[in-house]
Amino acid sequence: MKELKLMKGNEALAEAAIRSGCDAYFGYPITPQSEVLEYLSLEAEKRTGMTVLQAESEVASINMVYGAAGTGKRAMTSSSSPGISLMQEGISYIACAELPCLIANVMRGGPGLGTIQPSQGDYFQAVKGGGHGDYRMIVLAPSTVQEMVDFVRLGFDLAFKWRNPVMILADGALGQMMEKVELFEQQPRKTNIEPWATVGKPKDRERNFITSLHIQPDKMENINLHLQKKYNEITKEEIRFASSGCEDAEIILTGFGLVARICQKAAQLARAKGIKVGVFRPKTLFPFPYAEIEKLASNPKLKGILDVEMNAGQMVEDVRLAVNGKTRVEFHGRMGGIVPSPEEVLAKIEEKFVGELV
Amino acid sequence: MNEKTMLGENIAETADTQEVICCPENLVYEKPDTLLDTPMHYCPGCGHAVTHKLIAEVIHEMDIQSETIGIAPVGCAVFAYNYLNIDMQEAAHGRASAVATGVKRVFPEKFVFSYQGDGDLAAIGTAETIHTCNRGENILIIFINNAIYGMTGGQMAPTTLPGMKSTTSPFGRDVATMGNPLMITNLVASLPGVYYATRVAVNSPSNVRKAKKAIAKGFEYQKLKKGLCFVEVVSNCPSNWKMTPIQANKWLEENMFPYYPLGDLKVPNDKEK
């Protein structure tokens, strides 16, 4: 039976955490995602017995996640850009120790203290590894409140499938806006004990230890090779994307998250004016759909790609890598908490590709 | 017994004697199964090794190996999980008490302890330490205070004594510019969340026995869900103090103990109930 609700993005994400059978949430208030901690503080423990703890900082939050994840439980945190910056050390340790966990970043404008308005300025940090060392998170980019729900469950599944941190990379608008969502049924809390988890050493197995320290270079290189092999496998298996109207398109708009929806509207406006515009949206930012974009770029009918983001041009670097010179890639970005309008995107299409359109 | 026999060079001749001596009736001490055979990397005379052994003995004697999770710090004890035969997690520098919180919150029935040095616990991890104590997390924190950064090679610690030389206070700690030693155990003892706070040492047989009792109390109170227990071990660092083990222990008694007096800082009120 479908359970439909009108929910705010942050609250929908929190509700999905409870329903995913999440065992523990550790967080620290920061606008524009404090509703996650608030909602869970009110709802979680009474419904599933889930642990919810307001930590003294994001540094503490992520390390509490490390501890809980190290016992094989479903653990998560959420924050917004400056808070996520504080977590980078912990994320690097989690990635190396191969602990499954979920981290939601409801991005706001930066750099610095920046603004509390929506932004996509943390793409590089999330996708390229914001902490030290060679590691990757699986990064999911929701573009609707529905995906704020769906990606929580998917995120936990992927985290445990790959023993890897998963990040939901949303933005302040998705966190604050209300939409109709379909909620999945309550999933049971975890009862099985992971073979690698530190839960107390019984007589019949060797001790388990969680660490990211391998001081001999040959061992540390092997750990790195193992991680890279895993990231390659993730790249083969977990790419997710959505595309609409790209088959006959002269112009393709690329964008992730909220911006992809703005692009969708811009494409409608363009088609009403007779310009064939399609939209391509990566749902996973790591792994990134390079091959799919390259395929689109190889279409001889295509005049070019306009990448739109709420930053100075971050994902566009990956789009250019994918395209590899096969077509022209233009960029339009807004920063500091400004959300581009569909009309603005349409105007950019006309400005960048004027004269080339039939 | 001649000298050769004492050195074990004449084993064949003494084999019969050994058989008689090594029998269960004569067994007075056995290495606990909670301590692994891995040779420790600690320098000769270092207090870490003894403290590790005490933890292993307490866990063994309480028979809680299968219910105990330890958190190792960054510092000399970073490899604690190589020596203790229990499930352990290695935390980022200073974050051991936050990691311990994460473990304890999802497994409240398990025994959880963190093992941290002075730089880890009282410098980079001060916020985590204070707040874990203030929440009264039902865990045991074992704090090794040797007034120096051991692993990185003898830099000044938050607990380095006034006037004490280190590689980053080469002319002695000048409290006017470098601050005073942080008496973090006194500080956390003032928090309602802390149930038991004590300061012990492992420099002499009698102090070793007292230290073991304190660690055992920490686990016992945890079993009774009394709140946070904090055991400071005033320890040494012969290598970075640039002393022999004997000199280091003498210096410890003459300089560390006056500044960090041994004894309980907060004891449970037995009349409560």
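Start by selecting Thr235(A): with 17 C-beta neighbours inside 10 Å, this residue counts as partly exposed. Bear in mind as you click around that you are looking at a predicted model. Thr235(A) sits in helix α9 of chain A, which covers residues 217-237. Now add Thr284(A) to your selection. The two threonines are 49 residues apart along the chain, and their C-alpha atoms are separated by 9.9 Å.

**Stop 1: chain A as a whole**

Zoom out and show chain A alone. You have 13 helices and 15 strands to look at. The radius of gyration is 21 Å, close to the 21 Å given by the globule rule for 358 residues, so chain A is as compact as a globular protein of that length. If you turn the C-alpha trace along its principal axes, it spans about 75 × 50 × 40 Å. Colour by burial and 54% of the 358 residues in chain A come up as buried. Contacts also reach far along the sequence: of those between residues at least 6 apart, 78% join residues at least 24 apart.

**Stop 2: helix α11 of chain A**

Select residues 290-297 of chain A, which form helix α11. Which residues of this helix are buried? They are Ile293(A), Leu296(A) and Ala297(A). These three cover an arc of only 100° around the axis, which puts them on the same side of α11(A). To see what they pack against, show β11 (251-254), β12 (277-282), β14 (304-309) and α12 (315-323) of chain A.

Just before the helix, pick Pro287(A), in the loop between β13 (284-286) and α11 of chain A. A cis peptide bond joins Phe286(A) to Pro287(A), with omega about 0°.

Another cis bond is waiting elsewhere in the chain: go to Thr31(A) and Pro32(A), where omega is near 10°. Pro32(A) belongs to the loop between β2 and α2 (34-48) of chain A.

**Stop 3: Gln88(A)**

Next, select Gln88(A) in helix α5 of chain A. Buried or exposed? Neither quite fits: Gln88(A) has 17 C-beta neighbours inside 10 Å and counts as partly exposed. Leaving aside residues up to four places away in sequence, Gln88(A) touches Gly130(A) and Gly131(A). Show Val59(A) too: it is 29 residues from Gln88(A) in sequence, with 8.6 Å from C-alpha to C-alpha.

**Stop 4: where the chains meet**

Turn chain B back on. The contact takes 33 residues from chain A and 29 residues from chain B. On the chain A side, β2 (24-27), β3 (51-54), α3 (58-69), α5 (88-97) and β9 (209-210) each supply at least two residues. Which element of chain A gives the most? That is α3(A), with 7 residues. Colour this side of chain A by class and you get 15 nonpolar, 12 polar and 6 charged residues.

Now zoom in on β9(A) and strand β2 of chain B (residues 87-90), which pair in the parallel sense over 2 bridges. To find your place, select Phe209(A), which stands opposite Met88(B) in β2(B).

**Stop 5: strand β8 of chain B**

Move on to residues 228-234 of chain B, which make up strand β8. Here 7 of the 7 residues are buried, so the strand is largely enclosed by the rest of the structure. In a regular strand the side chains alternate between the two faces of the sheet. Both faces of β8(B) are covered: buried on one side are Leu228(B), Phe230(B), Glu232(B) and Val234(B), and on the other Cys229(B), Val231(B) and Val233(B).

Show the partner strands next. Strand β4 of chain B (residues 140-145) runs parallel to β8(B), paired over 6 bridges, and Phe143(B) stands opposite Glu232(B). Strand β7 of chain B (residues 194-201) is also parallel to β8(B), joined by 7 bridges, with Val194(B) opposite Leu228(B). Add helix α10 (residues 205-223) and you can trace a right-handed β-α-β unit made of β7(B), α10(B) and β8(B).

**Last stop: two backbone oddities in chain B**

Pick Lys225(B), in the loop between α10 and β8 of chain B. Lys225(B) has a positive phi of about 55° although it is not a glycine. With 10 C-beta neighbours inside 10 Å, Lys225(B) counts as exposed.

Finish at Asp63(B), in the loop between α3 (47-62) and β1 (68-72) of chain B. Phi of this non-glycine residue is positive too, near 55°. Asp63(B) is exposed, with 9 other C-beta atoms within 10 Å.

Terms used: Residues are numbered from 1 along each chain as its sequence is written. Chains are lettered from A and ligands numbered from 1 in the order in which they are written. This is a predicted model: local features need pLDDT of at least 70, side-chain atom pairs count only at pLDDT 80 or more; totals for chains, interfaces and linings use all residues. Two residues are in contact if their C-beta atoms, placed from the backbone, lie within 7 Å. Helices (H or I, at least four residues) and strands (E, at least two) are DSSP runs, numbered from the N terminus. Ala, Val, Leu, Ile, Met, Phe, Trp, Tyr, Cys and Pro count as nonpolar, Asp, Glu, Lys and Arg as charged, and the others, Gly among them, as polar. Two strands pair if DSSP finds at least two bridges between them. The radius of gyration is taken over C-alpha atoms; the globule rule is 2.2 Å times the number of residues to the power 0.38. A residue is buried if 20 or more other C-beta atoms lie within 10 Å of its own, exposed if 12 or fewer, and partly exposed in between; C-beta atoms are placed from the backbone. The arc is that of the directions from the helix axis to the C-beta atoms. A crossover is right-handed if, with the strands pointing away from the viewer, the path from the first strand over the helix to the second runs clockwise.
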